[in-house]
Amino acid sequence: MYYKQYGDTDMKVSAAGFGCMRYDEEDVKADRLEKCAEVLLYAHEKGINYFDTAPFYCDDKSESITGIALSQLPRDSFYISSKANMGTLISGEAVKDGFRRRLEMTLSRLKVDYLDFYHLWCILSMESFNKQCEDLYGFYEDAKREGLIRNIVFSSHMQGSHLEDAIATGRFKGMLIGYNALNYRFRQSGIAAAHERGMGVIVMNPLGGGLIPQNPDKFRYLAEGSDLTVAQAALRFVASHKEITITLAGCTTKEHVDDACKAMEGLQEKTAAEIYQEYENKGTSLDDLCTGCGYCNKCPCGIEIPKYMDAYNMSLLGSSALERLSDHWQVPAAKVAECVRCGKCEGLCTQHLPIMDRLAEIGAL
Ligand code: SF4
Ligand code: SF4
């Protein structure tokens, strides 16, 4: 296993982390929790020492499964991370008590006395970031003072420029973001800013929600010159960023653990700028996809074009554009009807994409 330093701390973490959100569905349903825990134990045996879970994952059983495995391991041989936000508070209690009870429940399920990392979870906008910081950050600090958590971190789905604003607050030791060969241009400025500040950067969704391995021909270029599968190459693509500390692999089976380990073998770190250059120059495979560069984002009608084009990418790859807009970006599809076809965006598009027609197609959906 390849290890990296977590930000400016002295923690050595495995370049591949174990995402505890993909325990086998059938086993979870049937309450075969020990069987699920075996996959985590196998990962630990292979050198993975970072485990990421949360309330509600796997029918709300992920923390318990993870705890079954962790209780069999020396406490100083792993790092464990979980998450909270306003939505996870125990209902019917004051915010302070609700937060505290949620944390205690997490610790008890995980069978540990403290968490190495506790996330302010799932920040979708700066508005929500500011609000949740205001309402909850103080309770994270209290828990840290009491030794119940070691590091306060956040997880987010915002794009690079907004991530930079969150990072600039200087309140977090690390961040967890979605990053992969599909969306890397959206978030590169964010990972660069976090790295400069000495933060750890953890990546979820390195396989683009499964779209990358499901479209091997489109993404074959990632594996060029290696003996890796497309899925393994996609993990290595992310992990090879100097700015990225841990790439989380959601592992259902021991084979998934093997894939993650294989992807980290002989890892060569490069800066995000070098990687951008390398893939930009290679790339013809993704010619019809929006690269997320953001140059077109100057619409006089206020349409956030890169978000709609990212959703269109999803439809080209066989997924739902509308779900992407509503669930991920949380912008209304109907907004595209406000386009007056001035053509400004197409004049700015680095990929010369037919933006107006694509927006119209989304409108027709
Ligand atoms: S063509 Fe439509 S989307 Fe593009 S800049 Fe003009 S109004 Fe905005
Ligand atoms: S300029 Fe083109 S490639 Fe870049 S974000 Fe806009 S539509 Fe996508």
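**Exercise 1. What covers helix 4**

Work out which elements cover the buried residues of helix 4, and how enclosed the helix is.

*Solution.* Start with the cover in this predicted model. The elements lying over the buried residues of helix 4 include helix 1 (25-29), helix 2 (33-45) and helix 3 (57-60). Helix 5 (95-110) belongs on the list too, along with strand 4 (50-52) and strand 5 (79-84).

Next, go through the helix itself. Ser-62, Glu-63, Ile-65, Thr-66, Gly-67, Ile-68, Ala-69 and Leu-70 are buried. That makes eight of the nine residues in the 62-70 stretch, so helix 4 is largely enclosed by the rest of the structure.

**Exercise 2. Two neighbours in helix 3**

Look at Cys-58 and Asp-59 in helix 3. What is the sign of phi in each, and is each one buried or exposed?

*Solution.* First, the backbone. Most residues other than glycine have a negative phi. Cys-58 has a positive phi, near 50°, and Asp-59 also has a positive one, about 55°.

Now the surroundings. The cut-offs are under 20% relative accessible area for buried and over 50% for exposed. Cys-58 comes out at 14%, so it counts as buried. Asp-59 has 54%, so it is exposed.

**Exercise 3. Two arginines under cover**

Arg-102 sits in helix 5 and Arg-358 in helix 17 (residues 355-364). For each, find the relative accessibility and the residues it touches beyond four places away in sequence.

*Solution.* Take Arg-102 to begin with. Its relative accessibility is 6%, so it counts as buried. Leaving out residues up to four places away, Arg-102 touches Pro-55, Phe-56, Thr-88, Ile-90, Arg-109 and Tyr-118. For a sense of distance, the C-alpha atoms of Arg-102 and His-119 are 13 Å apart, with their positions 17 residues apart along the chain.

Then do Arg-358. This one is buried as well, at 7%. With the same kind of sequence neighbours left out, Arg-358 touches Asp-288, Cys-290, Met-309, Tyr-312, Leu-316 and Leu-353. Its C-alpha is separated by 31 Å from that of Ala-192, which lies 166 residues away along the chain.

**Exercise 4. Finding the cores**

Which residues of the largest nonpolar core touch the most other members, and what does Phe-154 touch?

*Solution.* The largest core has 96 residues, and the members touching the most others are Phe-18, Phe-51, Phe-154, Met-175 and Leu-222. Zoom in on Phe-154: not counting residues up to four places away, its contacts include the aromatic residues His-119, Phe-129 and Phe-172. Phe-154 also touches Leu-120, Leu-163, Ala-166, Ile-167, Gly-174, Met-175, Leu-176 and Met-199.

Don't stop there, though. A second, separate core holds 19 residues, among them Leu-325, Cys-345, Cys-349 and Leu-353.

**Exercise 5. The whole chain**

How does the radius of gyration of the protein stand against that of a compact globule?

*Solution.* For 365 residues, a compact globule would have a radius of gyration near 21 Å; the protein has 21 Å, so the two agree. The C-alpha trace spans about 60 × 50 × 40 Å along its principal axes.

Now add what's inside. The protein has 17 helices and ten strands, and 54% of its residues are buried. Of the contacts with a separation of 6 or more, 74% are between residues 24 or more positions apart.

Finish on the outside. About 15600 Å² is exposed, with carbon and sulfur atoms supplying 47% of it. As for charge, there are 40 positive and 51 negative ones, and their mean positions are 2 Å apart.

Key. Residues numbered from 1 in each chain as written. Chains lettered and ligands numbered in written order. Predicted model: local features only at pLDDT ≥ 70, side-chain atom pairs only at ≥ 80, totals over all residues. Heavy atoms only, no water. Core = buried A, V, L, I, M, F, W, Y, C linked by side-chain atoms within 4.5 Å. Buried < 20%, exposed > 50% of the residue type's maximum accessible area, 1.4 Å probe, protein only. Contact = heavy atoms within 4.5 Å. Helix = DSSP H or I, 4+ residues; strand = E, 2+ residues; numbered from the N terminus. Rg over C-alpha atoms; globule rule 2.2 N^0.38 Å. Areas by Shrake-Rupley, 256 points an atom, 1.4 Å probe, with all protein chains shown as cover. Lys, Arg positive; Asp, Glu negative; His and termini not counted. Charge placed at Lys NZ, Arg CZ, Asp CG, Glu CD.
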